[in-house]
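Subject: Structure handover

Hello,

I am passing a structure on to you, and you will find it just below. My notes on it follow.

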Amino acid sequence: MMAPTTDNAGNTGDPGQARASLEALRAEIAKAVVGQDPAVTGLVVALLCRGHVLLEGVPGVAKTLLVRALASALELDTKRVQFTPDLMPSDITGSLVYDARTAEFSFQPGPVFTNLLLADEINRTPPKTQSSLLEAMEERQVTVDGTSRPLPDPFLVAATQNPVEYEGTYPLPEAQLDRFLLKLTIPLPSRQDEIDVLTRHAEGFNPRDLRAAGVRPVAGPADLEAARAAVAKTTVSPEITAYVVDICRATRESPSLTLGVSPRGATALLATSRAWAWLTGRDYVIPDDVKALALPSLRHRVQLRPEAEMEGVTADSVINAILAHVPVPR
């Protein structure tokens with residue numbers, strides 16, 4: 001029998017310890033980021049499902065800090081790319097560079113070769129550069145000059161976009177939105193949370209120095225590996241599977257939508273529900289798990305009719321109405 005692996009944080013990869021370590025992430029990240037527990041949970045769920053996350057929020061709500069704090073608490077490598085209109089695909093994936101000394105071309109890896117890639121304001125770069133991430137996100141490899149190079153594991157893309165400023169932006173097409181496992185909305189903080197943020201800064205908090213803020217590794221790759229194995233064993237009854245399918249099929253029949261959830265979206269909802277069930281201490285999925293992950297798993301996979309949008313209907317309100325009407329298995 002193989003001995004459990006141990007990472008640099010001293011974690012052995014035991015499923016029970018893995019769950020406790022991942023639960024400790026919230027408290028650790030809270031040393032740097034105030035009041036964003038749902039976003040932290042969503043990022044952990046995405047890591048367990050080997051998925052990617054779209055973070056939507058106005059500037060200044062700590063989206064970048066959140067990803068950096070998560071990487072520090074998980075002892076993972078992270079890189080940030082500021083997406084701009086002149087960014088080229090090779091600026092992300094890497095390129096062949098000619099070495100005059102050897103008279104040969106060598107591959108220079110781009111920032112995508114990391115564990116957590118923060119794609120900041122992804123909708124500010126043209127579709128050609130946006131699509132350069134598709135192979136990395138889907139196949140977890142980069143192909144340059146006919147040679148495929150694998151990306152590190154774990155690998156997660158956390159892409160941010162501003163929901164209120166659309167001038168000079170390139171909206172992500174539906175095919176690329178569908179590649180994101182979750183879309184998490186980062187709200188403005190409550191009054192008390194904002195007071196806490198300002199108090200920390202007044203006391204000398206430096207968001208660029210997470211070590212000084214006390215953020216330490218509490219989990220690592222071994223914990224993620226053990227957690228993924230445990231999530232894969234989480235039981236899904238036929239009734240729960242049918243419930244997920246009924247929810248997704250209902251989006252295709254909604255009069256408020258021109259585009260409903262695809263089978264890939266149904267698979268994503270099932271996967272995130274299993275991860276959430278395991279994180280909450282169960283080895284089986286219940287309907288409440290599906291309801292809890294329905295909005296972040298599906299909101300970016302539907303498209304509103306223009307007339308519904310003009311009446312103030314949102315993707316979230318449509319999905320909530322569907323959850324209220326689809327029969328829940330007993």
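The buried residues of helix α9 are I240, Y243, V244, I247, C248, A250 and T251. Viewed along the axis of α9, these buried residues fall within an arc of 155 degrees, so they line one face of the helix. The general background is that an α-helix has 3.6 residues a turn, so residues three or four places apart point the same way. Please keep in mind that this is a predicted model.

The length of α9 can be checked as well. Helix α9 covers residues 238–252, which is 15 residues, and at 1.5 Å a residue it should span 21 Å. The C-alpha atoms at its ends are 22 Å apart, which agrees.

What covers the buried residues of α9? The cover includes β10 (257–259), α10 (263–279), α11 (287–298) and α13 (315–325).

The packing of α9 with α11 can be described further. These two helices pack at an angle of about 35 degrees, and their axes are 11 Å apart. The crossing of α9 past α11 is right-handed. On the α9 side the contact is made by I240, Y243, V244, I247 and C248, and on the α11 side by P287, V290, K291 and L298. By type, the residues of this contact divide into eight nonpolar, no polar and one charged.

Next is helix α8. It has twelve residues (221–232), for which 1.5 Å a residue gives an expected span of 16 Å; the end C-alpha atoms are 17 Å apart, which agrees. Its buried residues include A222, D223, L224, A226, A227, R228, A230 and V231. Which helices do the buried residues of α8 pack against? They pack against α1 (15–29), α2 (37–48) and α10. Helix α10 is also part of the cover over the buried residues of α9.

Two strand residues are worth looking up.

- G94 lies in strand β3 (residues 94–99). Is G94 buried or exposed? Its relative accessible area is 6%, which is under 20%, so G94 counts as buried. Leaving out residues up to four places away in sequence, G94 touches F107, Q108, P109, G110 and V144. G94 and R149 are 55 residues apart in sequence, and their C-alpha atoms are 11 Å apart in space.

- Q141 is in strand β6 (residues 141–144). Q141 has a relative accessible area of 25% and is partly exposed. With residues up to four places away in sequence not counted, Q141 touches E135, A136, S148, R149, P150 and L151. The C-alpha atoms of Q141 and P89 are separated by 14 Å, with their positions 52 residues apart along the chain.

Last come some backbone details. In general, most residues other than glycine have a negative phi, and most peptide bonds are trans. The following depart from that pattern.

- E121, in the loop between β5 (116–120) and α5 (127–139), has a positive phi near 55 degrees. E121 is partly exposed, with a relative accessible area of 23%.

- R140, in the loop between α5 and β6, also has a positive phi, near 55 degrees.

- The peptide bond from D153 to P154 is cis, with omega near 5 degrees. P154 is found in the loop between β7 (147–150) and β8 (156–161).

Regards

Definitions and conventions
Residues numbered from 1 in each chain as written. Predicted model: local features only at pLDDT ≥ 70, side-chain atom pairs only at ≥ 80, totals over all residues. Heavy atoms only, no water. Helix = DSSP H or I, 4+ residues; strand = E, 2+ residues; numbered from the N terminus. Expected span 1.5 Å × (residues − 1). Buried < 20%, exposed > 50% of the residue type's maximum accessible area, 1.4 Å probe, protein only. Arc of directions from axis to C-beta. Contact = heavy atoms within 4.5 Å. Axes fitted to C-alpha atoms, helices over the stretch in contact; angles between N-to-C directions. Left-handed = near helix turned anticlockwise from the far one by under 90°. Nonpolar A, V, L, I, M, F, W, Y, C, P; charged D, E, K, R; others polar.
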